[in-house]
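Here's a structure to explore with a bit of curiosity. Have a look at the fold below, and then we'll walk through it piece by piece.

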Amino acid sequence: MRDHTHSERGSTADALPEVWTGKATNRVQWLLALAGALCLALGIELAVDNMWTSGIAALAMSVVGCIAAGLLILFGTLAFVHVAVKVDKDSLEVRCGHMGLPRRRIPLSHVVGADFAQAVSPRQWGGWGYRSRPDIGTAVVVRRGEGLVLSLGDGRTFTVTVDDAEAAVRIIRDRLSVAGTPAA
């Protein structure tokens, strides 16, 4: 957890915001998106400059393969360049990428606890993106670092990497205690 001065911490009597928003960004993903764009450009170049002597089938497979791989890499990485998290009085909402997809909304009535994770890494989840592991739970991991871990009523957990996750945990716990649900 971070060290805060007394004035930053405030007291428990301080009013919490109606809506808390946080985000996390991964600039390394832009390099992967660039690789996808280059693969896409190679496929287009092959389609335009088609002076191949080995036949049309080889050309078609190369063009389709490069374009398909480029689009998969490009859109797969751009979807997880950043994540935006919003906690309001009723729910926690997670939106990924520039289009906000994939999106997950978890009603706070389904949350039984919220914890701060100081070190969430893509390695423990098997990479970047929207991840699900039966032994750990579900996560949205866009970078290494602090995260928010929700314990859900069905026994599962949901983790999201977000800046200032401690504030989100504090707000969620406050909302859970107001609703009469014991916070973890």
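## What sits around D88

Start with D88 in this predicted model. If you skip its neighbours within four places in sequence, D88 is in contact with E18, V19, L108 and R175. Now find D88 itself: the loop between β2 (82-87) and β3 (91-96) is where it lies.

Does D88 count as buried or exposed? D88 is buried, and yet it has no salt bridge. The nearest side chain of opposite charge belongs to K86, and that one is 4.6 Å away. A salt bridge needs a side-chain nitrogen within 4 Å of a carboxyl oxygen, so a gap of 4.6 Å to K86 doesn't make the cut. What the side chain of D88 does reach is the backbone nitrogen of S91, at 2.7 Å.

## The strands on either side

The two strands flanking that loop, β2 and β3, pair in the antiparallel sense over five bridges. Together β2 and β3 form a hairpin, with three residues between them. Want a landmark? K86, which we just met, stands opposite E93 in β3.

Strand β3 has another partner too: five bridges join β3 to strand β4 (residues 103-107), and these two run antiparallel. Here S91 stands opposite P107 in β4. The hairpin of β3 and β4 has six residues between the strands, and in it G97 takes a positive phi near 70°. How many of the six residues of β3 are buried? Five of them are, which leaves β3 mostly covered.

## Salt bridges across the structure

Here's a general idea to keep in mind: side chains of opposite charge can pair when their charged atoms come close. How many salt bridges turn up in a search of the whole structure? The search finds five, and we'll look at some of them.

One of them joins R95 and E93, with the closest N and O atoms 3.8 Å apart. R95 is partly exposed, at a relative accessible area of 35%, while E93 counts as buried at 15%.

Another joins R173 and D115, where the closest N and O atoms are 3.1 Å apart. R173 lies in helix α5 (residues 165-178) and D115 in strand β5 (residues 111-120), so this pair ties together parts that are 58 residues apart in sequence. R173 is partly exposed, with a relative accessible area of 30%, and D115 also counts as partly exposed, at 29%.

## A hairpin with a charged pair

Next, hop along to strand β6 (residues 129-133) and strand β7 (residues 137-141), which pair in the antiparallel sense over five bridges. These strands, β6 and β7, form a hairpin with three residues between them. Which residue of β7 is the bridge partner of G129? That would be V141.

There's a salt bridge to spot here as well: D135 pairs with R133, and their closest N and O atoms are 3.4 Å apart. D135 is exposed, with a relative accessible area of 59%. R133, on the other hand, is partly exposed at 29%.

## E146 and its backbone partner

Now look for E146 in strand β8 (residues 145-152). E146 counts as buried, with a relative accessibility of 12%. A polar atom of the E146 side chain lies 2.8 Å from the backbone nitrogen of A165. You've seen a side chain meet a backbone nitrogen before: D88 does so with S91.

## Stepping back

Time to zoom out. The chain has five helices and nine strands. If you read along the sequence, you'll follow the pattern α-β-α-α-β-β-β-β-α-β-β-β-β-α.

What share of the 184 residues in the chain is buried? Buried residues make up 39% of them. On the outside, the chain exposes about 10800 Å², and carbon and sulfur atoms supply 59% of that area.

Finally, take the contacts between residues at least 6 apart in sequence: 57% of these join residues at least 24 apart. The R173 and D115 pair, with its parts 58 residues apart in sequence, gives you a concrete long-distance link to find in the model.

Note on methods
Residues numbered from 1 in each chain as written. Predicted model: local features only at pLDDT ≥ 70, side-chain atom pairs only at ≥ 80, totals over all residues. Heavy atoms only, no water. Pairing = 2+ DSSP bridges. Helix = DSSP H or I, 4+ residues; strand = E, 2+ residues; numbered from the N terminus. Buried < 20%, exposed > 50% of the residue type's maximum accessible area, 1.4 Å probe, protein only. Contact = heavy atoms within 4.5 Å. Areas by Shrake-Rupley, 256 points an atom, 1.4 Å probe, with all protein chains shown as cover. Lys, Arg positive; Asp, Glu negative; His and termini not counted. Polar contact = N/O pair within 3.5 Å; in protein donor to acceptor, adjacent residues only side chain to side chain.
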